[in-house]
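Thanks for coming. I will take a few minutes to walk through one structure that is new to most of you.

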Amino acid sequence: MALSRLLIVALLVLASADERTPVPGFFDLPVTGGTATFEMLGLRPEERGSAIAVLARSMFSQGGSAAERAASARRFITSLSVPGNPPPEDVDSPPITIAVPLTADTWRDLLAPQNKGDLFALLISNRPVLLVCAGTLNTDASIRSLFDRDRGLLRWIAKTAPAAFWVSARSLEIDNDKVAVPGGPAMEPIWEALTGGKVTRPAEFLRALLSRDGGRLAWFYDAMAVMPASRQAVIVGAPPAGLQLEHTRALYQTFRSADSNWRLEDHPFLRNMTDPSIVTSQVALEGGGVAPPNAVQLWEHLFDRGNDFSRRAMVGIRADEAAPVTLAWLAQQVASVSAKERRDRYEMVRFAQSVFPNAGAGDSTDVMIALGGYRRYRALLLAVDRMEIATPRVYSRVVEAARRLDTLSGRDRKHAVIAFQASVAI
């Protein structure tokens, strides 16, 4: 009871605290032009604490809304570049501040030591520095403390790898004077091998991490960091460490080769819908591995042969359930093809795991026929799934029936399709 009272008192104190109470490691940056500028940039009052990150994402993303906000920012910056020109919109608009990490002196030093202009305008007009500022806003207090001590490192990041830092910032942390890597102390030798840096030398480690492979290693680092420990264990596998490094390298190789148009520093917020990060984080797991159906031969045939499956063609083809797929193999199979095929393969795997989790060896033919028709008859299979049917043979039969309709033409096809759709609906 006493604990409950203390909790209530604490909540009341927090609720009554002034919203302008300084937060360690941050300062309030006045927005030039006040609320008029704030609104012109498409920001809302409740976004004061994250305005820097919101601006960075919206200004440097692709899409109509991002382009509109970027144009608004350019008009604002241009208006301030004219000597004696007042802030845009309304000079009498109420003042407003936003939360910015580190100190004003730090960012002025990073932007240009001799430039004494408006800090808000300077910050949003400098793309690399704004990305670094947005990343610093989201990173751990230990990293902000490192930047406070080592401005040279912060300057190097802004000059060399601002987008790579932004990608991984939320997952960076220093504990007891060494980098706290994804997977904990057991994974330190693996991350040191991948980066070439030492976790006991945080600045050196960060430089190596952010500069490797055009930011791909930073992307991989963040993807691993946000995974649950159970999923990390599936990727890394059991000791010895040499084998764990091999497994981790196998998955990282997929991240390295996933997108031939990868230009992180040019497009920091552009990602493929079925990139390796999505595949490795969303594919279902079970029993320390990829959830069924997970036979390598089954997926090799489905990925290689597409929808060309019939019972006659299936003679002699069996899925070897003794050889389950790995997350690294699956991610590579999805990432190594064209954009449309990547999406088809990923969605096919997710559909199979949802509908056929209990399919046995005797169901492999029906499962393969059903999934072989996924690309062409996706709506039909999803309709059967919505009926909560879980028998693989039903799925294979509706696919075979749909294929027979495709052999018809003219009025025969029209009437057959009507009858088929009606029977499915009933």
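**Core, pockets and rings**

Let me begin with one tryptophan. Not counting neighbours within four places in sequence, Trp299 is in contact with Pro293, Asn294, Val325, Trp329, Met348, Val349, Ala352 and Leu371. Please keep in mind that this is a predicted model.

Trp299 also belongs to a bigger picture. The largest nonpolar core holds 119 residues, and those with the most contacts inside it are Trp107, Trp191 and Trp299. As background, nonpolar side chains tend to be buried together in soluble globular proteins.

Next, the empty space. The largest pocket contains about 480 Å³. It is lined by 20 residues, and the closest to its centre are Arg57, Trp166, Arg170, Asp222 and Arg271. Which elements give two or more residues to this lining? They are α3 (51–60), α10 (162–168), α13 (216–225) and α16 (276–282). Helix α16 supplies the largest share, four residues. By class, the lining of the largest pocket splits into ten nonpolar, five polar and five charged residues.

The second largest pocket has about 290 Å³ of space. Its lining consists of 17 residues, with Asp259, Trp262, Leu270, Arg271 and Asn272 nearest the centre. Here the classes come to seven nonpolar, five polar and five charged. Arg271 has come up twice: it is among the residues closest to the centre of the largest pocket, and among those nearest the centre of the second largest.

Back to α16 for a moment, since one of its residues deserves a look. Thr280 is found in this helix. Is Thr280 buried or exposed? Its relative accessible area is 0%, so Thr280 is buried. Leaving out residues up to four places away in sequence, Thr280 touches Met227, Arg231, Leu251, Phe255, Leu327 and Ala331.

Phe255 takes us to the aromatic rings. Ring pairs join Phe255 into a cluster with Trp191, Phe205, Trp219, Phe220, Tyr221, Tyr252 and Trp262. Two of these names are familiar: Trp191 from the nonpolar core, and Trp262 from the second largest pocket.

Over the whole structure, a search finds 15 aromatic pairs. Take Phe356 and Tyr395: their ring centres are 5.2 Å apart and their planes lie at 85°, so this pair is edge-to-face. Phe356 sits in the loop between α19 (339–355) and α20 (364–372), while Tyr395 is in helix α22 (residues 392–406), so the pair links parts of the chain 39 residues apart. Both Phe356 and Tyr395 are buried.

That is the tour.

Conventions: Residues are numbered from 1 along each chain as its sequence is written. This is a predicted model: local features need pLDDT of at least 70, side-chain atom pairs count only at pLDDT 80 or more; totals for chains, interfaces and linings use all residues. Side-chain values use heavy atoms; hydrogens and water are left out. A nonpolar core is a set of buried Ala, Val, Leu, Ile, Met, Phe, Trp, Tyr and Cys residues joined through side-chain atoms within 4.5 Å. Buried means under 20% relative accessible area, exposed over 50%, partly exposed in between (1.4 Å probe, protein chains only). Contact means heavy atoms within 4.5 Å. On a 1 Å grid over the protein atoms alone, a cavity is a set of points where a 1.4 Å probe fits but cannot get out, and a pocket is an open set with protein on both sides within 12 Å along at least five of seven lines; lining residues have an atom within 4 Å of a point. Grid points are joined across faces, edges and corners, and a volume is the space filled by probe spheres set on the points. Ala, Val, Leu, Ile, Met, Phe, Trp, Tyr, Cys and Pro count as nonpolar, Asp, Glu, Lys and Arg as charged, and the others, Gly among them, as polar. Rings of Phe, Tyr and Trp (its six-membered ring) pair if their centres lie within 6.5 Å; planes under 30 degrees apart count as stacked, over 60 as edge-to-face and the rest as tilted.
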